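Here is a short report for a reader meeting this structure for the first time. Please look over the sequence and the model before reading on.

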Amino acid sequence: MAARGGGDSVGVGAGRALPPHSPSGPVLQTVEMHTGGEPLRIIPRLEAAERAAAAGGLSLLSLRREVAAAQDHVRRALVHEPRGHAGMYGAVVVRAGAAAEGAHLAALFLHGAGYSAMCGHAVMALGRFALDYGLVPEPARPETAVRLRCPCGPVTAFVPWDGRRSGNPVRFHSVPAFAAATDLAIDVPGHGKVVVDIGYGGTFYAFLSAEQLGLDVRSSKTRDLVSAASAVTEAVKKQFKLHHPESEDLAFLYGTILTDGKDAFSEEPTTNICVFADEQVDRSPTGSGVTARIALQYHKGLIQLNQTRTFRSSTTGSLFTGKAVKEAKFGDYNAVVVEVSGEAFYTGTATFTVEEEDPLKYGFLFK
């Protein structure tokens with residue numbers, strides 16, 4: 001789709017009636033979804049990203065760097081206020097070139113502070129989106145495998161399909177997940193020594209019980225949980241060096257997940273809160289976080305293959321399930337392939353415009 005009046009175009013079709021906007025400014029069209037309460041603003045097409053992917057033969061990680069350098073105004077315009085909010089999350093769909101090779105679509109993940117390597121809640125929503133918007137040529141009943149390429153690697157979503165529309169629950173298999181470190185002593189300013197585990201589920205997280213910080217993940221104020229988790233993240237970054245088997249671009253700590261401490265297998269849900277990027281709070285149980293937490297539990301011998309655990313978000317009460325389905329190797333790590341399942345829903349579509357003279361046209365952050 002060509003943007004009205006020029007500029008970058010985003011979307012599946014231009015609306016007939018638009019509010020006044022600059023002739024050179026973008027018309028940004030999105031599909032809105034949420035998974036477990038965590039929003040996903042899908043950008044079905046970003047022409048600048050498609051051109052870069054097709055012309056440059058860029059890998060998805062390289063395209064991620066290119067978009068961050070040259071098109072970051074799109075992220076800021078759609079994720080930040082006044083069009084977004086401090087908890088907004090987005091995804092750019094890419095279908096061209098090496099970035100999406102071998103997949104039905106590739107995705108770049110956007111948040112308030114930048115770009116992620118993996119996002120499970122987005123994968124579940126994008127699985128439905130791919131079927132309903134015709135990105136999978138011949139979907140199969142009763143379930144279709146949707147192949148996605150994420151910055152962390154290939155991911156497969158399994159989506160119910162009745163011949164007309166997608167459904168729930170959606171499950172996905174991510175890249176191999178592993179324990180990067182266990183029982184790691186970290187000195188956290190204001191809290192003293194704590195013991196954390198670091199797991200990888202497409203991106204790295206630090207895990208610890210909220211109790212170690214004098215908090216309860218189910219009843220403490222969210223502000224207190226966010227502050228404590230952010231302090232842990234900063235402390236881990238300073239005191240522990242991460243390593244990724246394939247790319248140092250992926251060797252970064254995305255956030256900290258505080259838990260209720262119930263890591264041993266149980267039929268009862270275990271509750272957690274994920275604080276990622278710049279103190280952003282996931283409203284869902286966190287798909288990549290569930291993946292990493294399952295990998296840690298398996299590494300510690302707390303669960304077995306195909307034992308399903310239920311994970312509850314402390315913010316919304318929404319539920320994901322997760323299980324390790326097979327062992328794998330990932331570089332030098334003993335890893336597992338994890339299956340995560342949840343429900344994704346549409347909330348609408350939107351058309352956003354930009355007036356060039358607007359001093360806040362590309363957004364602002366207010367915390």
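The report goes from the whole chain to its strands, then to its rings and one loop residue.

## The whole chain

This is a predicted model. The protein chain holds 6 helices and 19 strands. A compact globule of 367 residues would have a radius of gyration near 21 Å; the protein chain has 20 Å, so the two agree. Along its principal axes, the C-alpha trace spans about 55 × 45 × 35 Å.

Burial comes next. Of the 367 residues in the protein chain, 57% are buried. The protein chain exposes about 14700 Å², and carbon and sulfur atoms supply 49% of that area. Contacts reach along the sequence too. Take the contacts between residues at least 6 apart in sequence: 63% of them join residues at least 24 apart.

## Strand β14 and its partners

Strand β14 covers residues 270-276, and 7 of its 7 residues are buried. In a regular strand, side chains alternate between the two faces of the sheet. In β14, Thr270, Asn272, Cys274 and Phe276 point one way. Thr271, Ile273 and Val275 point the other way. Residues of both sets are buried.

Which strands pair with β14? Strand β13 (residues 253-259) does so in the antiparallel sense. Strand β16 (residues 309-313) pairs with β14 in the parallel sense. Strand β15 (residues 280-281) runs antiparallel to β14.

Single residues mark these pairings. Thr256 has Val275 of β14 as its bridge partner. Thr270 stands opposite Phe311 in β16. Phe276 has Gln280 of β15 as its bridge partner. β14 and β15 also form a hairpin with 3 residues between them. Ala277, in that turn, has a positive phi of about 50 degrees.

## From β10 to β12

Strand β10 spans residues 178-188. Strand β11 (residues 192-200) pairs with β10 in the antiparallel sense. Asp187 has Lys193 in β11 as its bridge partner. The hairpin of β10 and β11 has 3 residues between the strands, and Gly190 takes a positive phi near 90 degrees there.

β11 also runs antiparallel to strand β12 (residues 204-209). Gly199 stands opposite Tyr205 in β12. This hairpin, of β11 and β12, has 3 residues between the strands as well. Here Gly202 takes a positive phi near 105 degrees.

The table lists the bridge counts for the strand pairs described so far.

| Strand pair | Sense | Bridges |
|---|---|---|
| β10 and β11 | antiparallel | 8 bridges |
| β11 and β12 | antiparallel | 4 bridges |
| β13 and β14 | antiparallel | 5 bridges |
| β14 and β16 | parallel | 3 bridges |
| β14 and β15 | antiparallel | 2 bridges |

## Aromatic rings

How many aromatic pairs does a search of the whole structure find? The search finds 12. One of them joins Phe129 and Tyr133. Their ring centres are 4.6 Å apart and their planes lie at 25 degrees, so this pair is stacked. Phe129 has 1% relative accessibility and therefore counts as buried. Tyr133, at 33% relative accessibility, counts as partly exposed.

Phe178 and Tyr333 make another pair. Here the ring centres are 3.9 Å apart and the planes lie at 15 degrees, so the pair is stacked. Phe178 lies in β10, while Tyr333 lies in strand β18 (residues 333-342), so the pair ties together parts that are 155 residues apart in sequence. Phe178 and Tyr333 are both buried.

Ring pairs also build a cluster. Its members are Tyr89, Tyr205, Phe207, Phe252, Tyr254 and Phe276. Two of these names came up earlier: Tyr205 in β12 stands opposite Gly199, and Phe276 is a bridge partner of Gln280.

A charge meets a ring elsewhere. The charged end of Arg171 sits over the ring of Phe158, 4.3 Å from the ring centre.

## A loop residue

Gly167 lies in the loop between β8 (153-160) and β9 (170-173). Is Gly167 buried or exposed? With 18% relative accessibility, Gly167 counts as buried, because the cut-off for buried is under 20%.

Neighbours within four places in sequence aside, Gly167 is in contact with Arg128, Val159 and Pro160. Ala235 is 68 residues from Gly167 along the chain, and the C-alpha atoms of Gly167 and Ala235 are separated by 41 Å.

Methods. Residues are numbered from 1 along each chain as its sequence is written. This is a predicted model: local features need pLDDT of at least 70, side-chain atom pairs count only at pLDDT 80 or more; totals for chains, interfaces and linings use all residues. Side-chain values use heavy atoms; hydrogens and water are left out. Rings of Phe, Tyr and Trp (its six-membered ring) pair if their centres lie within 6.5 Å; planes under 30 degrees apart count as stacked, over 60 as edge-to-face and the rest as tilted. Buried means under 20% relative accessible area, exposed over 50%, partly exposed in between (1.4 Å probe, protein chains only). A charge sits over a ring if NZ of Lys or CZ of Arg is within 6 Å of the ring centre and within 35 degrees of the ring normal. Two strands pair if DSSP finds at least two bridges between them. The radius of gyration is taken over C-alpha atoms; the globule rule is 2.2 Å times the number of residues to the power 0.38. Contact means heavy atoms within 4.5 Å. Accessible areas come from the Shrake-Rupley method with a 1.4 Å probe; for residues, only the protein chains shown count as cover.
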